[in-house]
Amino acid sequence: MSNVAGKSYAMNVITPVRSHLAWVNKVIFWTALKLPSTLKGLITLSLIHYARWVIIGKHQFPHLAPEQPKEALSYSYMLFFSNFNGSWDQYVDSFTFAIPSGLDMFWKWNIRYPKSVALTPFHKYIQYNQIETLHYYNGYPLATSNDVKSAKTVKDALIAFDQTAHEGTDATFLKRYHTLLRGLQHDLGDMYPTPIVSMSAYQVERRTRWHASQLQANPLKRGQQ
Amino acid sequence: MTKKLDLLDIQGNVLRPYGRFGYPVARYVFLHVSDGEKGRAFVGAVTKSVTTSVTWGAGPDQVPQPDWTVNIAFTYQGLKDLELPTASLIGFSSEFVAGMKNRKDILGDDGPSSPQAWDPIWRENRVTREKDVHIFISLNAHTPGLLEDSYAWLKGMIEASDGGVVLLSGHLGDNNAVMDYQDVKVVMENGLPTAKEHFGYVDGIGDPAVEGLTADPQFVLGRGKQMADGSWAPLATGEFLLGHIDEAGEYPPAPNPILLARNGTYMVYRKLHENVATFDAYLNEHGKHFPGGKELLAAKFVGRWRDNGAPLVKAPDQASKDAFDAQLAAADQQGRDALLSNFTYDDDMSGAKCPFSAHMRRINPRASLEFTRDPNDVPGSLKVSTGAFDTPGALTNRRRVLRRGLPYGDVKDRSRDDGNHGIVIMMLNADINRQFEFVQQQWINYGNDFKAGNDKEILLGNHSADERFASKAVIQVDPNSDQPPYFLSKIPRLVETRGGDYFFVPSMTALRMIASGVVDPT
């Protein structure tokens, strides 16, 4: 069990909201999607892969088999699900530093929501209502969402460059090559393991093991030392 | 700025970088508490001489400037052995309890920076109880002679503690001599004191402007926090002092009782060795190829020109640097400060002037982390995402630290790395994890917030010597130019950690409480 896979963190937060107010949340979500400018802050926070808010009515929780006891819920619930790069602190703090009013808008009708500023009560609210991730798979453990976007940019640019690479003189080739590099100057970051974002023994050991296996898989070539 | 702080209660090193107040030499001494009761008596005796932040000057009711200053701070172990109640001790932050050595994975103190390679005093710290570092005492003086006077006074105090506190040896000095103390001093050039460190950069320019600590309102431009309307305001006191409201509108988490914490702060002490030969060789090698030459490349490493700290965003090439120098020479103190500090990166979002991996842009991105790509722009461009965040500096304001400290040693042979030369940096903040450690981990040793993957900060990054983890940086160019970006490949480890720990700097009130054994969390 871990909230962390590679450079990514999966966060699930489920908070009660009064059933007769849940529709207000739905209207806000709908409006936010219709007016992308309201999500500008969220989108500018490039550590976020995505964030999703869903209202689950009190009768909408799955009932998988007749023998599963029926629960009597007093509230509807708001599920917040997000994947991001970096640590829990960095993510939660970025939210409250950068877009506190946006957060308050989404969570405003949730029971005992303390507002996103001050920080300590907000941290506690998220911690108390967070559900640990049981299983988390990451296809690109070395990549952040920025890295994935950059990789796509680099690939597209290289393919385009290659189409006409054989044309023209050496001088025009060099000029075009420089243009290619210049266009990719924010897309060429190295990809190595993540900085430690969780001090859990499991994460620390797993990172050490990854490092060791990389070294074993890529022995130094002669002359590199 | 309306807030008035009790300067007589706040230790002087919180307010003042002493090097800039006529104290070019200093000595840092570390002690172990062997006996709680006698140790508290020692703290009480030293407290009578501790320098506060009070305004110096002549005239009635004024405090004369001392010939030398004394300040004191404690590790978690120290406070424990001075017998603070457990209910108070558990209120300190977990990273302070753990100490710098145990945070090596967060800080990236690996390879030549790993604790096994630290000076003996730091290597042996937190291994056996009798070698644990408990107390930090700093002495800053006008002259080397006065520094010796202050040290003789301190030795007398230690002697008089009757075994209550023991001086811990183990600082490496010239020729690896094991010293009883860490000496630091300003770097001299042609017989005159400078504000430079051993790589030749003018240092210590961008100290934050803090509510109640910063008297001059002009000083806030470029140093405080930028508001949504573009104006500047001082950062909340609680970012740097416990017991005051912080940028989140709350009192920073702190131990009980409130009097123990109020007007105190956390201090990160770090001894950083500078590999001057490696630096010179790397700069010379790339300086030969870099368009604009070696000095411009040196400026690209840091974001400021070496000789006077001119920021690259204002002086991106030699011609603009010449004009800047003329302005700087003609300016008064206030004008100089504005020239050197009043800027953001908003006119340099693509990094063409100051690269994203430059020291200054990484440790303080100012109000310029609010950025995005626009697919309609020329490839290689980034731009400000105006209004995305509640204020432009939202992601930076809570990551600031007050920087104190001075260089140590002399460079006697620039062709060697292994001399006794570097810098002791002390960073003050209310939350070590949120401020110092975050910057160290996410912005110095990692680059994702700058869309730079794992690329590290050029100067301080923990660059690997292993080819399979080679470090590089991209020196960006104007996306509308016809230049290619410059690649700094295989960046060597230029700076190595040689030790340090996390300390608590109590207020004068708290010092007296600790000394009298009356800390009562009730």
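The following exercises, each with a worked solution, look at the contact between two chains, at a pair of helices and at some backbone details.

This is a predicted model, in which local features need pLDDT of at least 70 and side-chain atom pairs count only at pLDDT 80 or more, while totals for chains, interfaces and linings use all residues. Residues are numbered from 1 along each chain as its sequence is written, chains are lettered from A in the order in which they are written, and side-chain values use heavy atoms, with hydrogens and water left out.

**Exercise 1.** Work out how many residues chain A and chain B each bring to their contact, and how much area they bury.

*Solution.* Begin with the contact (heavy atoms within 4.5 Å), to which chain A gives 50 residues and chain B gives 56 residues. Next take the buried area (the accessible area, with a 1.4 Å probe, that two parts lose on being put together, summed over both), which is about 4,500 Å² for chain A and chain B, with 54% of it on carbon and sulfur atoms.

**Exercise 2.** Find the salt bridges between chain A and chain B, and name the partner of B:Arg373.

*Solution.* Start from the rule that a salt bridge is a side-chain nitrogen of Lys or Arg within 4 Å of a carboxyl oxygen of Asp or Glu. By this rule there are two salt bridges between chain A and chain B. In one of them B:Arg373 pairs with A:Asp187, where the closest N and O atoms lie 2.8 Å apart.

**Exercise 3.** Describe how H2(B) and H16(B) cross, and list the residues that make their contact.

*Solution.* First locate the helices (DSSP runs of H or I, at least four residues): H2 of chain B covers residues 36-47 and H16 of chain B covers residues 508-516. Their axes (lines fitted to C-alpha atoms over the stretch in contact, with angles from 0 to 180 degrees between N-to-C directions) come within 8 Å and cross at roughly 150°. Finally, B:Arg40, B:Val43, B:Gly44 and B:Thr47 of H2(B) meet B:Met508, B:Leu511, B:Arg512, B:Ile514 and B:Ala515 of H16(B).

**Exercise 4.** Identify the residues joined by cis peptide bonds before A:Ala118 and B:Pro257, and examine phi of B:Lys490.

*Solution.* In chain A, a cis peptide bond links A:Val117 to A:Ala118, with omega about 10°. In chain B, the bond from B:Asn256 to B:Pro257 is cis, with omega near -5°. B:Lys490, a residue other than glycine, has a positive phi near 40°.

Notes: Helix = DSSP H or I, 4+ residues; strand = E, 2+ residues; numbered from the N terminus.
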